[in-house]
Amino acid sequence: MAYCNKRFLVYHKSMLYFSELRAKRVQTEDGIQIGILDDLIFLALETARITKAVIKSKNNSNIIIPADAIKKINGHITIQKNYTGTEVGLNELYVLRNILDKQIIDLKGNKLVRVNDVAIQDKPFLYIAGVDIGLLGILRSLGLESLFHRLSNFWFIKHNTQFLSWADIQPLELAQGKVKLNVTQEKLRGLHPADLADYLETTNIRNISKIIDLLGKEYASEVVSELNPNYQITLLRKLGDEKAVKIISLMDPDEAVDVLLQFSPRRRQLILEKMDETKRREIENLLRFSETSIGPYLNMEFIAVKPENIVRQIIDQIKKETGDIGDLNCIYVTNKNDLLIGVFNLHELLLQSPDTPVYRFMIQNVTVTHLNSPANTVLRTMIKYHLYELPVVDAAKKMIGIVKRDDIGELFLDRI
Amino acid sequence: MFHFLSKVRGRILIFLMVFGPATITAMADNDAAGVATYSLAGAKFGYSILFVLFIVTLLLAITQEMGVRIAMVTGKGLGDLIRERYGIKISILVFAGLLIANMGTVIADFAAIKITSSMFNLPILPFIIFIVFVSFIFIAKGNYKTNQNIFLISGLFYIAYVVSAVKAGPDWGKALTSIVIPADVRLTKEFVFGAIAVLGTTITPWGQFFINSYVIDKKITTDKLKYEQLETFFGAFLTNFFSFFMIVATAATLFTHQIPLVSGEQAALAIKPFAGHLASVLFGLGILNAGFMGIVIVSLSTAYAFAEFFGVEGSLDAPFEKGKLFYGLFLFQLIVAAGVTLIPSVSLFKIVFYTQSLNGILLPAIFFFLLKLTNNKELMGKHINRSWYNYFAVGSSIVIIIAALFTVINSLVSI
């Protein structure tokens, strides 16, 4: 639960909700009725510990008691026999007045949603775990949550609690009547696929396939490619051919190859046949190289320019062609026959004036590698020359692709 | 002397800068349903109903001013404040009521367009689809400024009623004096209901929500509050200035010749024999324009209110991706209302009737919130209601609430 602090939040039984606590009867251990719970008071700090409770007594006056006096919370709230009344202290705020129903804005001030409910954990002490921002929070406040659960089970509707962790909220802003987040909307939406993959690996395969089902295809494919290989294969089997094909098609080609290599050749062929033409050819090409030592690390996302191009043209070309490339370090120069004749990096490009042609500043003495070079030799070369990537060429110096230090480095990850 | 002039010019410039929200809200109160009500009242009670108009102008000015002040001081819409201060349960009731009542109002406006478009031999179905389409494009694609300008130009078209009234050849002296000195008022049950209908079509729950949200969306700073208050009073005056001519147009023709009018929408045709072709056509075009204004503004007020309720981005300046709920709700309301209007078996009369009753139930609640909020020192600071103003505001609210309850009780009895 702690990990999954951003988007996915599965309904958590042991969580208490403020809407469920509010208006609960409050009585002492020996059964004397005090009143009903009206509000909770908490410390507006990184851990929002609940320190006091406001009880509306029968004669409509408010009594504030320390949270430590609360003994048990079930159908009603039981408090110590001889509690002492207290006051609101410094840095303390009210749940009802300062959080509930308030507008949530992100770091940039965009309006996101409202606080529909406040989630409270009771172990090791009472503290605010986060806020509920989903429809379920509204329904819970209206007392319709269980009805909704019954109906949705009946109609097989999937629903998740949408939840924002306290860690995402700036506690100091609460006093201003705003629930301000310390992240931007975009970041909140995009929990990094690798983080989610890590989290998913801690749960079982059934849960994984359930969550993957809920995700958008593109995001799902990124998450799947970040999963460890054992999970990948089990998961894709579980999702069925149709879905597996879709997810694999959306992966980067070199990652798709990694995944496909774990299937039996017959199954691999089956999946490939269902893919669309261009994607299939790309992957088949890579698969062919995969039997070589460098093949598995081969990356096709590179940009090649002609020596007579001028700097301005290249910048335009980069803008047009490399929008979907993960990262771009080097620009390769090939001649009319696609043979590699030079290289330069982005910094070198930027230093030139817009009208300089490439051949005036490219480095002609290019360090290259071949498909059959041993992987550790390649890595050693890269480290020695401080290179992020190396071009892979065939015997005629025709460019096949590139290999990145990050990718080939993974090979040695287990040995470190 | 020169210094004085430049100061005045500066002030006028600021006024023009803030100008818009209050006037547009007030003008939209004269939507097609409003025009229908005024026409009916004029035809039935003649100049005597003009006295009510005077009171309505005052009440509208006071209630809208409270809305503007809350919006500019707190930076929050009425929807925001109700949700934040009164919690989810009360909000859900108010917002559900608002949604249904607004839907009814939009349907009434579509119905008026439907009836009037047949007068101009416009094909009904394509015309209504066209209106839905155009409204949505303008709201979804245009920013605050373009939309404000469209509304203001649309407001300019209300001049059609002035021409219609002039063509009707009224007794101007009598009409003008009737505004301040009640003349020939016969306090029958019908007159009381007529007066309440005029009040109810001008002061509406959606109008109160809309002015708050619309002022906020314009992002005027609090230091310009005085100018915006001035605009509010101007807007209230302008609206009823036009209402005056609507009433005069039918009073001088239909009332004078004792021609009964079944529904207000037919007024455009009914005045033709007395006021001439031009007046009739202008009156009809006026109803189409008012219908369009009502449809867009009322739907927009629903969209604003619900964006505030859920706390999502709700601004005409927000791009479509950020304001999905806002724009979606706007479109949803347009489509549903247009659809209902096109079903022949639906009794539009009943819908309008129930809508008025629902508005009557909502108004007291909304004035309760308005008074509570404008008297909250913590919220309003130095802009809290002054004591004499508060008496006036409370008094106005009581008048409106009594009138509203009157409608509700009457509709309950008649069921």
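# Exercises on a predicted two-chain model

Chain A holds 17 helices and 20 strands, where helices (H or I, at least four residues) and strands (E, at least two) are DSSP runs numbered from the N terminus. This is a predicted model, in which local features need pLDDT of at least 70, side-chain atom pairs count only at pLDDT 80 or more, and totals for chains, interfaces and linings use all residues. Residues are numbered from 1 along each chain as its sequence is written, chains are lettered from A in the order in which they are written, and side-chain values use heavy atoms, without hydrogens and water.

## Exercise 1. Confidence

Task: state the mean pLDDT of chain A and of chain B, and find where pLDDT stays under 50 in chain A.

Solution.
- pLDDT is the predictor's confidence in each residue, from 0 to 100.
- Chain A averages 78, and 84% of its residues score at least 70.
- Chain B has a mean of 87, with 99% of residues at 70 or more.
- In chain A, pLDDT stays under 50 over residues 1–14.
- Where pLDDT is low, the predicted coordinates should not be read in detail.
- For the complex, the predictor gives an ipTM of 0.78 and a pTM of 0.69.

## Exercise 2. One helix, two sides

Task: determine which residues of helix α13 of chain A are buried, and which are exposed.

Solution.
- Start with the span. Helix α13(A) covers residues 277–289, 13 in number, and reaches 19 Å from first to last C-alpha. The expected value is 18 Å at 1.5 Å a residue, taken as 1.5 Å times one less than the number of residues.
- Apply the cut-offs: buried is under 20% relative accessible area, exposed over 50%, partly exposed in between (1.4 Å probe, protein chains only).
- The buried set is A:Lys279, A:Ile283, A:Leu286, A:Leu287 and A:Phe289.
- Look down the axis. These buried residues fall within an arc of 160°, so they line one face of α13(A). The arc uses the directions from the helix axis to the C-beta atoms.
- A general rule helps: an α-helix has 3.6 residues a turn, so residues three or four places apart point the same way.
- On the other side of α13(A), A:Thr278, A:Arg281 and A:Arg288 are exposed.
- Now find the partners. The buried residues pack against α10, α11, α12, β15 and β20 of chain A, a contact being heavy atoms within 4.5 Å.

## Exercise 3. The interface

Task: describe how chain B meets chain A, by contacts, area and salt bridges.

Solution.
- Count residues: 15 of chain B are in contact with 15 of chain A.
- Take the area. The two chains bury about 1,300 Å² between them, 47% of it on carbon and sulfur atoms. Buried area is the accessible area (1.4 Å probe) that two parts lose on being put together, summed over both.
- B:Arg83, B:Glu84 and B:Ile88 supply 37% of the area chain B buries against chain A, more than any other three residues.
- Three salt bridges cross the interface, each a side-chain nitrogen of Lys or Arg within 4 Å of a carboxyl oxygen of Asp or Glu.
- B:Asp80 forms a salt bridge with A:Arg114, with the closest N and O atoms 2.3 Å apart.

## Exercise 4. Positive phi

Task: locate B:Asn121 and B:Gln258 in chain B, and give their phi values.

Solution.
- Most residues other than glycine have a negative phi.
- B:Asn121 sits in the loop between α5 and α6 of chain B. Its phi is near 55°. B:Asn121 is exposed, at 69% relative accessible area.
- B:Gln258 lies in the loop between α12 and α13 of chain B. Its phi is about 55°. B:Gln258 is exposed, at 60%.
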